[in-house]
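Dear colleague,

I am handing over the structure below, and after it I set out what was found. Please keep the picture open while you read, so that you can look up each place as it is named.

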Amino acid sequence: LPIVEKIRIIAQKVYGAQDIELSPAAQSQVDRYTRQGFGNLPICMAKTHLSLSHQPERKGVPTGFILPISDVRASIGAGFIYPLVGTVSAEYSTGSLPFL
């Protein structure tokens, strides 16, 4: 399956979304990874743990929402592609030791 279809299936079947919406940056990355031959990699969604949607205040099991994909990144060495959902950040820091 193409990357976008794999993301859509996860969004609909796991999170209850009606559909997904890719930002231009996310679509550009999908196109790049596909051209580079990484379209076969599995998907690991990066999103808030506070809700099934991209909105932490939506509790329970929300349905029918559009899941925004702000960026798509790849961890080629680990072997997966990870879409960033909503405003989630993929920058890791301990706060006191920001270089970790």
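A good place to begin is Gln12, where a polar atom of the side chain lies 2.8 Å from the backbone oxygen of Gln18. Please bear in mind, here and in everything that follows, that this is a predicted model. Gln12 has its place in helix α1, and apart from residues up to four places away in sequence, Gln12 touches Ala17, Gln18 and Asp19. The C-alpha atoms of Gln12 and Ile66 are separated by 9.5 Å, although these two residues are 54 residues apart along the chain.

Is Gln12 buried, exposed or partly exposed? Its relative accessibility is 34%, and because buried means under 20% and exposed means over 50%, Gln12 counts as partly exposed.

Helix α1 itself covers residues 3–13, and its buried residues are Ile3, Val4, Lys6, Ile7, Arg8 and Ala11. If you look for what covers these buried residues, you will find that the cover includes β1 (19–22), α2 (24–35), β2 (66–75) and β3 (80–85).

Next come the strands, starting with β1. In a regular strand the side chains alternate between the two faces of the sheet. Along β1 you can follow such an alternation, since Ile20 and Leu22 point to one face and are buried, while Asp19 and Glu21 point to the other face and are not buried. The strands β1 and β2 run parallel and are joined by four bridges. Within this pairing, Glu21 stands opposite Pro68 in β2, and the bridge partner of Leu22 in β2 is Ile69.

On to β3: which way do β2 and β3 run, and how many bridges join them? They run antiparallel, and six bridges join them. Together β2 and β3 form a hairpin, with four residues between the two strands, and in the turn Gly79 has a positive phi of about 90 degrees. Two pairs of facing residues may help you to trace the hairpin: Ser75 stands opposite Phe80 in β3, and Val72 stands opposite Pro83 in β3. Five of the six residues of β3 are buried, so this strand is largely enclosed by the rest of the structure.

Finally, here is the chain as a whole. Its secondary structure comes to two helices and three strands, which follow the pattern α-β-α-β-β when they are read along the sequence. The chain has 100 residues, of which 35% count as buried. Among the contacts between residues at least 6 apart in sequence, 59% join residues that are at least 24 apart. The chain exposes about 6,000 Å², and carbon and sulfur atoms supply 57% of that area.

With best wishes

Methods. Residues are numbered from 1 along each chain as its sequence is written. This is a predicted model: local features need pLDDT of at least 70, side-chain atom pairs count only at pLDDT 80 or more; totals for chains, interfaces and linings use all residues. Side-chain values use heavy atoms; hydrogens and water are left out. Buried means under 20% relative accessible area, exposed over 50%, partly exposed in between (1.4 Å probe, protein chains only). Contact means heavy atoms within 4.5 Å. Two strands pair if DSSP finds at least two bridges between them. A polar contact is a pair of N or O atoms within 3.5 Å; within protein, one must be able to donate a hydrogen and the other to accept it, and residues adjacent in sequence count only if both atoms are side-chain atoms. Accessible areas come from the Shrake-Rupley method with a 1.4 Å probe; for residues, only the protein chains shown count as cover.
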